[in-house]
Protein chains: 4
Amino acid sequence: MRTRVFRFFPANPGDVSGLAEAIATGVVQAEQIVAILGKTEGNGAINDFSRGLAIMSFGRLLGPLLGCAPEQVEDRIVLSFSGGTEGVTCPHYLVFAIDDADGHTEDRGLALAVGYTRSFAPEESGRLPMILETARVVGTLQRHLAVDSGDVHLVQVKAAIPPVPADPGRAHAREWRCDMAWSRGASALGVALALGEVSAARLHDDMINRDWSLYSTRASVSAKPGLLRSEICVFANARGWAGEFQIVHDVMQDILDVAAIHRVLHKMGLRPVDGQLPQEESRRIYGAFAKSDADPRGHVRGRRHTMWTDGDISDMRHSRSVISSLLSAVLGESAVYVSTRAEHQGPLGGGPVAIIARNVSEGSAAANGASAATEYEGDMKCP
Amino acid sequence: MRTRVFRFFPANPGDVSGLAEAIATGVVQAEQIVAILGKTEGNGAINDFSRGLAIMSFGRLLGPLLGCAPEQVEDRIVLSFSGGTEGVTCPHYLVFAIDDADGHTEDRGLALAVGYTRSFAPEESGRLPMILETARVVGTLQRHLAVDSGDVHLVQVKAAIPPVPADPGRAHAREWRCDMAWSRGASALGVALALGEVSAARLHDDMINRDWSLYSTRASVSAKPGLLRSEICVFANARGWAGEFQIVHDVMQDILDVAAIHRVLHKMGLRPVDGQLPQEESRRIYGAFAKSDADPRGHVRGRRHTMWTDGDISDMRHSRSVISSLLSAVLGESAVYVSTRAEHQGPLGGGPVAIIARNVSEGSAAANGASAATEYEGDMKCP
Amino acid sequence: MRTRVFRFFPANPGDVSGLAEAIATGVVQAEQIVAILGKTEGNGAINDFSRGLAIMSFGRLLGPLLGCAPEQVEDRIVLSFSGGTEGVTCPHYLVFAIDDADGHTEDRGLALAVGYTRSFAPEESGRLPMILETARVVGTLQRHLAVDSGDVHLVQVKAAIPPVPADPGRAHAREWRCDMAWSRGASALGVALALGEVSAARLHDDMINRDWSLYSTRASVSAKPGLLRSEICVFANARGWAGEFQIVHDVMQDILDVAAIHRVLHKMGLRPVDGQLPQEESRRIYGAFAKSDADPRGHVRGRRHTMWTDGDISDMRHSRSVISSLLSAVLGESAVYVSTRAEHQGPLGGGPVAIIARNVSEGSAAANGASAATEYEGDMKCP
Amino acid sequence: MRTRVFRFFPANPGDVSGLAEAIATGVVQAEQIVAILGKTEGNGAINDFSRGLAIMSFGRLLGPLLGCAPEQVEDRIVLSFSGGTEGVTCPHYLVFAIDDADGHTEDRGLALAVGYTRSFAPEESGRLPMILETARVVGTLQRHLAVDSGDVHLVQVKAAIPPVPADPGRAHAREWRCDMAWSRGASALGVALALGEVSAARLHDDMINRDWSLYSTRASVSAKPGLLRSEICVFANARGWAGEFQIVHDVMQDILDVAAIHRVLHKMGLRPVDGQLPQEESRRIYGAFAKSDADPRGHVRGRRHTMWTDGDISDMRHSRSVISSLLSAVLGESAVYVSTRAEHQGPLGGGPVAIIARNVSEGSAAANGASAATEYEGDMKCP
């Protein structure tokens, strides 16, 4: 098996011309695509419709190619877009395609498996049943890839938020946990449970979004109102998968923990010089994923920050900008994927970081098929 | 001579209690203060009144101590506040005090000289006369400190913007250059000229804010409407000044040039590990100054950015956040001073960076007077 | 002939379920739709993708019904969405459908004609040729409707902005007028010329966006980068058109000229009580269109305003909120369409206002077909 | 007795030159000033320091004149500044001065009384004791003015928020009600109780900020963290007070209830024409106070609004803009004072409105002393 990663630079959130051309020229096979992850240039808040525009655009492109209606593409391919390209962040999307290319059996390359939870009842949202079901699916995917939990480096979850029932006879609205924060918290703990990062004995309804000492170092969760089942992507390095790409993770202890990024690179054999990858190594970076949070205690390393008291810029946009800046500077690459709100994803004020890089030591890019590294750029528009 | 640097962490822009206590306890002598530079938590735009609040507060504190009216303090001490503490930036202010403490004659410590241009006529603003007069004052201050231009590491300018005359008989409003951009551009070129970074032959009215190949690597200019004369602080390392603090600069070639920050640290003998100063070395950092700009070409290193097309967050707030994040991460210290709009201050899209650190190799802090390193923190308020 | 107006309240910019149901139940015939105008809940700035999402959604719905590709729907139906639902503004869209229903010949009901300019060359943009060509099309549409210029009450223009040629051999970029402000200004003057509001003798390249004494009281122009030809909708009351709906306009002299709104209502026989239409009359309002601008002189009626000096909220969002508030309050109806930047659309600081109302005196709603008044509401989502 | 009202238009929040000149020329006597209320051009959020700048500036001006330290002025004069001049709102401040001028005994003119609650313990904040103590002071002030509750038209409260004790031995932080929302809610109910708008029997801890059917039509409350005692201004029309100014109130049932503003004017004998006061009557308006709120149910009169789902502009800035626009348009005067968050101040989604006008029918302005009507305008600055 082989996971191939293609990176595109759209001119706007609805621009799918890059992928269209890659498919038209045979570089990408539509039916091999399992996930598309991207950053779009909205504000990342409730009223960010750049994500919807991207999803609709990919549906229009891929529906006919997959023989389904545009709106059904989302059921066959994970489409996960995060709004907010603050600071230097470059809007981009990554297409993950899997084929059965022959890898050397001793390879341990990037592997990817996608699964879905069952639908959640409203009373399960943000509670133990959501933790357990999320953990069950992660476990299944892990077994499917035949990897140890230590080989899993990123679990991307688009978490369900079942609607609160309208029936007034049921429990009072205040007790429902059908919102984004609860859904993210429970889902992240589900990942942590599956990967052995927390013990089942410590998990119960009351510790969710309260006991921040328990967390996953690899969960990256967003939640979507109205989504009934959670969508889960497990990224790992797996034996028998072609070794062209690899993924490695670490966890930032706080929003300034740039050393965590360096540790990831070291594990990949990449060496920043004066704080930044040399251009040659920078070009090997294909994906960088991190969660950000403005520390709710109002300070970082003893210094006050003002991300929570700014009446005009939300803490979410502030914190994404910080983590994006650090990743972009260390990697020498600003096409990074930072999303915010990290309940039980890394310690309080910190968060996981995972990086996907091409493993050129496996052979030259040409030998492995230069097409895998092709980037299709849309027209870049300047102000 | 000796320049001492005191750093304070106010609870809000009007909080001068830290300095008040330092003066009350004899740590700082009011009459030795020559400059106070700080970051305040406004938006940094026209309607940012946090700066005015800070200036008024220092006037109220220092006027009685200096035997002048509160509003006259600004005429005797450089008060320069930059609004906008985006991301992790910690609001803070630095108090620079000079005394005639005995330094070893072979010392080369932080030296500071302050001067003023003459008042500018409206027709001079943003034109060659402003360049020349700015250069004249910088040269005078440099000679006063008896330093080579290579010893100068930061020239902080609060630049004049004379008001456009109301007289309709004079030239048409369109031709005046009485605005912030013109004033910054001409003043920065004045610094460049004084420091030998550009030759006089290449300077003329038409190249200002147009020929970006000419710039200073050490100018840091803000402009203030209604200010008639420019205020200039020259920071250098000078022979015969006590060596407790030193200043070093470099120039970022673009907004991601984190290597420039590393180079500054290297020159100071400081060694980041995994991209960040160890805590022990981090504590030696007392000031970090940089200019930021969102590259007007709309991309950085070939990647599109969206700082200019965001309808809700200004490019200024975006770019400050990026540079502040990089500085804070490398230094392990978020009390950094980043201001924006860098016409002729570093290359297009880049900007100067200067760092002040305590030179502990000169002896233990205690030996040099621990008080010099004392930080007075106001109460930190969390959300 | 008959123009029918249907109003829908989408749950988000991509929600076209209301129109879908109206078509499915036979209330609306897809092939009779000539224009869809709406307000979407983006920020109205360059990075507002709510408009693109709406257009793509209508394409997906209507393409199959019209027998064309989704992306071709825009060529057959005017789709004009304005971002920014500041304050109380309710996101909504109006569907205009024309059929050949028999109107009494003495009727003078709402009539609508749509046309297109030829494609503009870059050197024509924002100059006299754009004025003249726009005027030509407006004149043609007016003749098509067989109305006097006094019967025309709204000319909605989506104005072309041809791309600047890449060829460096052509004139310097500074001289091009290929941007939104120039395109809006020239297009509005074209409307003014066609309607006899300005004389051709006073029009030339140099007065555009400079001589604000010349303007149209009925033009409402937005401009779209990359659009090669302008799309023009002329709304009038025309003899022989069924009289169920009527349109009336007036012009606000400044942003507080609420009396202009009252004058429109008076002309329609509607009577606000204590500044607001009674509920029964409020229900007759089906469309309200206005342009807003923050007076560039910085004051309104001698009072300073701060819309231009706010570093966090753009003047565009501020001014839309003001006009939307006035319209919503007077009409008792917050589904209003206010767009901003009104060069040569009304006097400096003011702008046109036009209102569409059902003319119930022509007979009961039931008699005219209750369906014409049907509103299809999507689910309203509360925070 | 006589209350005089002076209105000033500062060039920025720190500009007190208008009042300074009025005092210097003998128009205003510093020692007669009892309150200064103003709108400043900040964002009105936590990080709005325009208010602090105004307070400090008035302290600097008035301290020497009152023979006290600048920071003590706040203890002698109510200084209440509300940030946020969205839309057309004109930054301004009103100075209320009381002297013992001889009014006709049959006069019923504007009267003003100021008082303070005792300091509140943390456990009292946002609970019944705060209601009762607030009511007690309002009652005392009412008796002092010798007016019926029906004569009271505005009770402006700057409400205390005692700090939560640091002692961990005391009750858990979750149970404290030491925040702005609780303080506003309890204080407003205190006003309602004192004015007989609610019965004591229905007041208890659990109904605060929950049972929105109980409210005051005349309370206008803001809360200030760290303020230990609440400051209360009662505005009434009282027998024996000179009749030059009068105050009248009404309550807006929702954010579009412009009729409430008209009702206030009718009671004053003022007649809007086409929705707006004629210029002659507009000039009689000296103060307009209202509270705004974005309806938390997400819709107004059955129409969705998006004030709560905007990720970039807070609901507070949105709602202030709406109410300010309505007031400014009806009054033909944009120097209006709208503040936001109206717990128990008017019904849910609505709020009180009170207007102060000069009563010219009592005699010509000249006869009553033209100086009372003098407006001192600072230089207006345009962008």
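Visitor: At what angle do helix H2 of chain B and helix H2 of chain D pack, and how far apart are their axes?

Guide: The model is a predicted one. In it, the two H2 helices, each spanning residues 50-66, pack at an angle of about 30°, and their axes lie 9 Å apart.

Visitor: What makes the crossing of H2(B) and H2(D) left-handed or right-handed?

Guide: A crossing is left-handed if the near helix is turned anticlockwise from the far one by less than a right angle. H2(B) passes H2(D) in that left-handed sense.

Visitor: Which residues of H2(B) and H2(D) make the contact?

Guide: Gly52(B), Leu53(B), Met56(B), Ser57(B), Gly59(B) and Arg60(B) come from H2(B), and Gly52(D), Leu53(D), Met56(D), Ser57(D), Gly59(D) and Arg60(D) come from H2(D). By class, these contact residues are four nonpolar, six polar and two charged. Gly counts as polar under this scheme, so the glycines belong to the polar group.

Visitor: How are H2(A) and H2(C) arranged, and which residues meet?

Guide: Their axes come within 9 Å and cross at roughly 35°. H2(A) passes H2(C) in a left-handed crossing. Gly52(A), Leu53(A), Met56(A), Ser57(A), Gly59(A) and Arg60(A) meet Gly52(C), Leu53(C), Met56(C), Ser57(C), Gly59(C) and Arg60(C). The residues of that contact divide into four nonpolar, six polar and two charged.

Visitor: How many residues, and how much buried area, does the interface of chain D and chain B involve?

Guide: Each chain gives 15 residues to the contact. About 1,400 Å² is buried between chain D and chain B, with 66% of it on carbon and sulfur atoms. In chain D, the residues that lose the most area to chain B are Phe49(D), Met56(D) and Arg60(D), which together account for 51% of what that side buries.

Visitor: Why is the pair of Glu71(D) and Arg60(B) called a salt bridge?

Guide: The rule asks for a side-chain nitrogen of Lys or Arg within 4 Å of a carboxyl oxygen of Asp or Glu. The N to O distance for Glu71(D) and Arg60(B) is 3.4 Å, so the pair satisfies the rule. Two salt bridges are found across the interface of chain D and chain B, along with four residue pairs in polar contact. The side of chain D that touches chain B has five nonpolar, six polar and four charged residues.

Visitor: What is the buried area between chain C and chain D, and how many residues are in contact?

Guide: Here 56 residues of chain C are in contact with 56 residues of chain D. The buried area is about 4,400 Å², of which carbon and sulfur atoms give 55%.

Visitor: What makes the pair of Arg304(D) and Glu41(C) a salt bridge?

Guide: The closest N and O atoms are 2.8 Å apart and the cut-off is 4 Å; the pair therefore qualifies. The rule finds six salt bridges between chain C and chain D, and 21 residue pairs are in polar contact. On the side of chain C that touches chain D, H8(C) gives the most, with eight residues. By class, that side has 21 nonpolar, 19 polar and 16 charged residues.

Visitor: How do you know that the salt bridge of Arg317(A) with Asp312(D) joins two chains?

Guide: The closest N and O atoms of Arg317(A) and Asp312(D) are 2.9 Å apart. Arg317(A) lies in helix H8 (residues 315-331) of chain A, whereas Asp312(D) lies in the loop between strand E12 (303-304) and helix H8 (315-331) of chain D, so the pair joins two chains.

Visitor: How many salt bridges does the rule count over all chains?

Guide: The count comes to 113.

Methods
Residues are numbered from 1 along each chain as its sequence is written. Chains are lettered from A and ligands numbered from 1 in the order in which they are written. This is a predicted model: local features need pLDDT of at least 70, side-chain atom pairs count only at pLDDT 80 or more; totals for chains, interfaces and linings use all residues. Side-chain values use heavy atoms; hydrogens and water are left out. Contact means heavy atoms within 4.5 Å. Buried area is the accessible area (1.4 Å probe) that two parts lose on being put together, summed over both. A polar contact is a pair of N or O atoms within 3.5 Å; within protein, one must be able to donate a hydrogen and the other to accept it, and residues adjacent in sequence count only if both atoms are side-chain atoms. Axes are lines fitted to C-alpha atoms, for helices over the stretch in contact, and angles run from 0 to 180 degrees between N-to-C directions. Helices (H or I, at least four residues) and strands (E, at least two) are DSSP runs, numbered from the N terminus.
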